[in-house]
Amino acid sequence: MVALRRLYRSYRTYFDWTLIVIAIIAILVLGAIGFQKNLAVTDAGRSYSLATLFYLALQMFLLNSGAVAEPVGWELETARFLAVLAFFAAVLKTAVAVFWRRVDEWRASWARGHTVVCGGEATGLLMAAERLAAGEQVVLIDDVPDRDLAELRDLGALALVGDATNRATLAKAGVRDAARVMIAVGDDATNLQVAAATGQLCRDPRRAPPTVIDVHCVDTRMFELLEPVSGLGRVREAAGGEYRRFDPLFDGARALLDAHPLDREPIAACSPLVVQLVLFGFTRESECLLLQTARMFHYANGFRPKV
């Protein structure tokens, strides 16, 4: 299956829509020139407007109007064959894309214990790549039909085109049988909407272990609006599912400070040193660094970091 996908990827490389558009322009120009020369000989005395010549050239895409009396110049001959090739290339490209979408939907319906990633933006693609690297089977839901997911597909991911807020799409991805669902579709409200729909589909108190539902949510107060009745903070439990909140920027700030602590050497209780952190601009990234600094760094001399 992976080998077939790579073959399809090479086909897409050589038969991209850009190439087809260039061929269409060449067909129209060569066709108009060819028809003008042909009609000047076969229908002498009549003049045809440029619009009529382009209309005759357009009809060649329907495999029509190419049958003309001799002589046929090289321009019209080239345009006729290019029109046929462009027509079948476009049909084949569309048919193959639809075929692979149906194959992914069918394989997703049989998946068990897999990971469903909702969202095809940078965060979703990164999560999908990490889960694939960990050896998990991944089903990605993306609402952009034309997004290039060839690299993920080559790694074994299944891609479904659809709206993750729609329960039918989530059901196609097999969230009922998934071990984990990771949601990074858009803003907090949209992500929580998808999380709530996922929790409803996974509602089965007999599930052991419950489905882990990771939700990209910045606002902790919005996260606590989720349906489950127990649990606070970053984890909330529900029948058949366990909601977990994550924030890549917030978690990334902690990882950055773990790798590069503000104190290069341990500060003793009698030390007069005061750690200072300088932030240029107050963006979302600097806010996360500020909050993680306040949480993580408490020194023996009693001085807290200055920001």
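**Second largest pocket**

I began with the second largest pocket of this predicted model, for which I noted a volume of about 210 Å³. I then listed the residues that line this pocket, and found Thr123, Leu126, Met127, Glu130, Arg131, Met182, Phe246, Pro248 and Asp251. Looking up which elements carry the lining, I saw that α5 (122-133) and α10 (248-259) each supply at least two residues, and that α5 gives the most, with five residues.

**Largest nonpolar core**

Next I turned to the nonpolar core, keeping in mind that in soluble globular proteins nonpolar side chains tend to be buried together. The largest core holds 25 residues, and the members that touch the most others are Val116, Cys118 and Leu170. I traced the core to its elements and recorded that β1 (115-118), β2 (138-142), β3 (158-161), β4 (180-183), α8 (188-201) and β5 (211-216) each supply at least two of its residues. The largest share, five residues, comes from α8.

I also looked at Cys118 by itself, setting aside its neighbours within four places in sequence, and wrote down its contacts as Ile141, Ala164, Leu170, Val181, Met182, Ile183, Ala184, Val185 and Val194. Leu170 therefore appears both among the core members that touch the most others and among the contacts of Cys118, where heavy atoms lie within 4.5 Å. Apart from this core I found another one, of 16 residues, which includes Ile27, Met60, Val72 and Ala79.

**Strand pairing around β4**

I then checked how β4 is placed among the strands. On one pairing, β1 and β4 run in the parallel sense over four bridges, and within it Val116 has Val181 of β4 as its bridge partner. On another, β4 and β5 also pair in the parallel sense over four bridges, and here Val181 stands opposite Ile213 in β5. Val181 thus has a place in both of my notes, as the partner of Val116 and as the residue opposite Ile213.

**Salt bridges**

Searching the whole structure, I found six salt bridges, and I looked up three pairs in more detail, with the general point in mind that side chains of opposite charge can pair when their charged atoms come close.

The first pair I entered is Glu105 with Arg102, whose side chains meet at 3.6 Å, N to O. Both belong to helix α4 (residues 74-109), and because they are three residues apart in that helix, they are separated by about one helical turn. Glu105 is partly exposed at 22% relative accessibility, and Arg102 is also partly exposed, with a relative accessible area of 49%.

The second pair is Arg180 with Asp214, at 2.5 Å, N to O. This pair links distant parts of the chain, with Arg180 in strand β4 and Asp214 in strand β5, 34 residues apart. Arg180 has a relative accessible area of 22% and is partly exposed, whereas Asp214, with 9%, is buried; I set these two beside each other because the cut-off for buried is under 20%.

The third pair is Arg244 with Glu242, whose closest N and O atoms are 2.7 Å apart. In this pair Arg244 is partly exposed, at 31% relative accessibility, while Glu242 is buried, with a relative accessible area of 14%.

Conventions. Residues numbered from 1 in each chain as written. Predicted model: local features only at pLDDT ≥ 70, side-chain atom pairs only at ≥ 80, totals over all residues. Heavy atoms only, no water. Core = buried A, V, L, I, M, F, W, Y, C linked by side-chain atoms within 4.5 Å. Buried < 20%, exposed > 50% of the residue type's maximum accessible area, 1.4 Å probe, protein only. Pairing = 2+ DSSP bridges. Salt bridge = Lys/Arg side-chain N within 4 Å of Asp/Glu carboxyl O. 1 Å grid on protein atoms, 1.4 Å probe; cavity = no way out; pocket = protein on both sides within 12 Å on 5 of 7 lines; lining within 4 Å. Points joined across faces, edges and corners; volume = space filled by probe spheres on them.
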